[in-house]
Amino acid sequence: MNGTRQFVLAVMTAALLTGCTQAPVQTDPAQGAGPAEPAVPAEQAPAADADRGGQAQTGQDGAVSREAALAVALENAGVPAADAYNIRTERDEESGIPVYDIEFETDYGDYDFQVARSDGRIVGTDYEVDEEWLDTLGGTPVTAEEAGDLVLKKIPGAEKEDVRIWEEQEDGRGRYEGEAFSGGLKYEFEIDPQTGRIYDWNADLRE
């Protein structure tokens, strides 16, 4: 009997030990020891940068990011990005149009732009380059006709007949002055004949 009891106890002990032992987990060396984290859908991934108020760069009310709008303003002003500082970009409205109000400074002037958030269109501009910087910034002398061509390059869709330009000789240096109407905007400008640089530029919406 003792031998039978010992045999039964041995069998029960082995069964218990077998039930408590877990089979080893097989892992793929290429995937590591555990399951991969689920991928985050692109539309749920956090934005790399955010607008004021926690809005993403390309939110529901605009297709243009702040960076893209700033690039449009810098290009239109002819200002290298490295020259701009104290940059401020805020969401605003201009005549009912949602815009980025962009301001920045350079050593040679201050700049203010309103860029439509929907398509990057410039709907307002105001800047003036200090005249003592004109020779330092450099350029090439231009005729009145060439100055008009410079203006056309800055106004999308403008035609030659949209631009009026004339020459002023109030000081020894002289200047070209003019105005243009295109796309619902009125433009006023001054151009240095000796460098071909537009040093005074203003544009605003006119109804």
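Buried means under 20% relative accessible area, exposed means over 50%, and partly exposed is in between, using a 1.4 Å probe and protein chains only. Keep that handy for the exercises below.

This is a predicted model, where local features need pLDDT of at least 70, side-chain atom pairs count only at pLDDT 80 or more, and totals for chains, interfaces and linings use all residues. Residues are numbered from 1 along each chain as its sequence is written, and side-chain values use heavy atoms, with hydrogens and water left out.

**Exercise 1. Classify D204 and R206, then find what joins them.**

Step 1: D204 has 23% relative accessibility, so it counts as partly exposed.
Step 2: R206 sits at 42%, which makes this residue partly exposed too.
Step 3: The two form a salt bridge, with the closest N and O atoms 2.6 Å apart. The criterion is a side-chain nitrogen of Lys or Arg within 4 Å of a carboxyl oxygen of Asp or Glu.

**Exercise 2. Work out which strands the E103 and E190 salt bridges tie together.**

Step 1: Searching the whole structure turns up 9 salt bridges. E103 pairs with R88 at 2.6 Å, N to O.
Step 2: E103 is in strand β2 and R88 in strand β1, so this pair links parts 15 residues apart in sequence. Strands here are DSSP runs of E with at least two residues, helices are runs of H or I with at least four, and both are numbered from the N terminus.
Step 3: Go to E190, whose side chain meets that of R175 in a salt bridge (3.6 Å, N to O). E190 belongs to β7 and R175 to β6, so here too the parts tied together are 15 residues apart in sequence.
Step 4: Check burial: R175 is buried, at 10% relative accessibility, while E103 is partly exposed at 29%.

**Exercise 3. Place β6 among its neighbours.**

Step 1: On one side, 6 bridges join β5 (residues 163-168) to β6, and the two run antiparallel. Strands count as paired if DSSP finds at least two bridges between them. E168 has R175 of β6 as its bridge partner.
Step 2: β6 is also joined to β7, by 7 bridges, again antiparallel. Here Y176 has I191 of β7 as its bridge partner.
Step 3: Look at the turn: β6 and β7 make a hairpin with 2 residues between them, and G183 in that turn has a positive phi of about 60°.
Step 4: Count burial: 7 of the 8 residues of β6 are buried, so the strand is largely enclosed by the rest of the structure.

**Exercise 4. Decide how the buried residues of α2 are arranged.**

Step 1: List them: R66, A69, L70, A73, L74, N76 and A77.
Step 2: Seen down the axis of α2, they fall within an arc of 165°, so they line one face of the helix. The arc is taken from the directions from the helix axis to the C-beta atoms.
Step 3: Find the cover, which includes β1 (85-94), β2, β3, β4, α4 and β8. Contact here means heavy atoms within 4.5 Å.
Step 4: Finish at G78, which follows α2 and has a positive phi, near 70°.

**Exercise 5. Find the residues that touch the most other members of the largest nonpolar core.**

Step 1: Such a core is a set of buried Ala, Val, Leu, Ile, Met, Phe, Trp, Tyr and Cys residues joined through side-chain atoms within 4.5 Å.
Step 2: Among its 35 residues, I102, F104, Y111, F113 and W201 touch the most other members.
Step 3: α2 gives this core its largest share, 5 residues.
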